[in-house]
Amino acid sequence: MFPEPPTPGPPSPDTPPDSSRISHGPVPPWALATIVLVSGLLIFSCCFCLYRRCRRRMGKKSQAQAQVHLQEVKELGRSYIDKVQPEVEELEPTPSGPGQQVAEKNELGRLQYSLDYDFQTGQLLVGIVQAEGLAALDIGGSSDPYVRVYLLPDKRRRHETRVHRQTLNPHFGETFAFKVPYVELGGRILVMAVYDFDRFSRNDAIGEVRVPMSSVDLGRPVLAWRELQAAPREEQEKLGDICFSLRYVPTAGKLTVIVLEAKNLKKMDVGGLSDPYVKVHLLQGGKKVRKKKTTIKKNTLNPYYNEAFSFEVPCDQVQKVQVELTVLDYDKLGKNEAIGRVAVGAAAGGAGLRHWADMLANPRRPIAQWHSLRPPDRVRPPPAP
């Protein structure tokens with residue numbers, strides 16, 4: 001009675017596909033590859049951003065640390081400059097240049113000093129108060145004076161004031177002590193010699209004051225003015241001079257020594273010449289920890305090297321090291337003989353300390369200076385505390 005339902009046939013081409021069939025089908029490989037690639041790019045971008053941020057922070061931190069190191073080293077160098085006491089043992093008075101004739105005592109200036117004797121400690125106290133009207137030995141019409149004080153006949157035990165720049169009327173205000181028994185003091189002569197410091201050549205002697213201690217009443221303190229007298233010429237063996245530069249980079253902890261040249265070296269060979277070379281030692285606590293050496297220059301007393309040597313010296317060790325340069329004469333058959341040495345460092349004195357201080361006050365810049373060679377057995381500075 002009722003009509004039969006139609007029998008299902010094959011789907012028509014226009015019939016949309018069944019969505020349930022698609023959901024159960026396999027994912028195409030290209031889709032998987034795209035998903036993996038996009039995910040990788042996202043992870044890489046996140047990691048790269050984190051890396052750049054961390055690097056920027058570390059860069060700022062290291063830059064700030066570098067600035068701290070530079071400032072600390074500069075301040076350390078300036079503090080050393082104030083403590084410089086020139087080494088003048090090898091120096092001798094030199095004639096004045098044009099327009100600097102100072103032979104007469106009234107042209108040399110005068111010095112004020114004080115004397116007192118401490119009977120409890122057995123010490124002679126010598127005060128260098130001031131000087132005025134000193135001779136102008138520099139081209140600019142001024143001088144860089146300092147005073148060396150010692151008791152003859154012992155010249156090794158001496159004291160020196162710091163250098164006062166560009167003045168003919170320096171105020172020193174420094175006191176030095178000599179431990180001498182009172183019974184021996186009458187046979188001593190106090191010498192107070194005024195020098196004009198010159199960084200690039202030999203220092204000039206302006207004049208000196210000699211006080212025989214037998215003529216002084218030490219029962220009470222003495223304060224006196226004395227006219228400077230011309231200093232006697234000191235004859236001594238010349239060993240020569242050496243020029244080298246120092247450069248320190250605090251952020252890298254790198255010390256560079258460039259041996260430039262030497263001149264007027266002592267004649268060591270029979271023919272009147274030498275075969276010089278230079279040894280460079282890094283000392284710590286008075287002990288040699290590193291060494292370098294230049295090439296040998298044959299048959300010359302004025303060798304030119306221009307050779308650089310580097311040492312690793314961290315910032316916290318720069319006050320504890322010294323650099324020692326030794327000029328030697330090479331001998332093919334016998335032992336190499338030392339001509340002379342120079343020491344620079346925080347524990348050195350005079351020109352050696354000044355050169356070191358100038359290097360620290362100017363980090364990253366090479367500072368060149370001439371030094372007079374000293375006898376090999378008398379140059380090494382004491383171990384740093």
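A nonpolar core, as I use the term today, is a set of buried Ala, Val, Leu, Ile, Met, Phe, Trp, Tyr and Cys residues joined through side-chain atoms within 4.5 Å. Keep that in mind. Also keep in mind that this is a predicted model.

Start with the overall picture. The protein has 385 residues, and 41% of them count as buried. There are four helices and 16 strands. Take the contacts with a separation of 6 or more. Residues 24 or more positions apart account for 68% of those.

Now the cores. The largest nonpolar core has 32 residues. Which residues have the most contacts inside it? They are Ile 242, Val 280, Val 323, Leu 325 and Trp 356. Several elements give two or more residues to this core. They are the strands β9, β10, β11, β13, β14 and β15, plus helix α4. There is also a second, separate core, of 30 residues. Leu 111, Leu 151, Phe 172 and Leu 228 are among its members.

Next, a sheet. Four strands form an open sheet, in the order β12-β11-β14-β15, with antiparallel pairing. Look at the edges. β12, residues 287–293, and β15 each have a single partner strand, so one side of each is left without a neighbour in the sheet. From one strand to the next, the twist averages 25°.

Zoom in on β14 and β15. They run antiparallel, and eight bridges join them. One residue pair to find on screen: Glu 324 has Ala 343, in β15, as its bridge partner.

What packs on this sheet? Helix α4 does, touching β14 and β15. The direction of α4 makes about 50° with that of β15.

Stay with α4, residues 350–361. Is the helix buried or exposed? Twelve of its twelve residues are buried, so α4 is largely enclosed by the rest of the structure. The cut-off here is under 20% relative accessible area. The buried residues include Arg 354, His 355 and Asp 358, alongside Leu 353, Trp 356 and Leu 360. Trp 356 we have met already, as one of the core residues with the most contacts. The helix length checks out too. At 1.5 Å a residue, twelve residues should span 16 Å, and the end C-alpha atoms are 16 Å apart, which agrees.

On to the rings. How many aromatic pairs does a search of the whole structure find? Four. One of them is Tyr 146 with Tyr 195. That pair is stacked, at 5.7 Å centre to centre, with 15° between the planes. The two rings come from distant parts of the chain. Tyr 146 sits in strand β3, Tyr 195 in strand β6, and they are 49 residues apart. Tyr 146 counts as buried, at 0% relative accessibility. Tyr 195 is buried as well, with a relative accessible area of 3%. Elsewhere in the ring list, Tyr 117, Phe 119 and Tyr 182 are linked by ring pairs into a cluster.

Last stop, Gly 127. This glycine is in strand β2, residues 123–132. At 2% relative accessibility, Gly 127 counts as buried. Which residues does Gly 127 contact, leaving aside neighbours within four places in sequence? Gln 112, Tyr 113 and Ser 114, then Glu 174 and Thr 175. Phe 172 is worth a look here. Its C-alpha atom is 8.9 Å from that of Gly 127, with their positions 45 residues apart along the chain. Phe 172 is also one of the residues of the second core.

Note on methods. Residues numbered from 1 in each chain as written. Predicted model: local features only at pLDDT ≥ 70, side-chain atom pairs only at ≥ 80, totals over all residues. Heavy atoms only, no water. Buried < 20%, exposed > 50% of the residue type's maximum accessible area, 1.4 Å probe, protein only. Pairing = 2+ DSSP bridges. Axes fitted to C-alpha atoms, helices over the stretch in contact; angles between N-to-C directions. Contact = heavy atoms within 4.5 Å. Expected span 1.5 Å × (residues − 1). Phe/Tyr/Trp six-rings, centres within 6.5 Å; stacked < 30°, edge-to-face > 60°.
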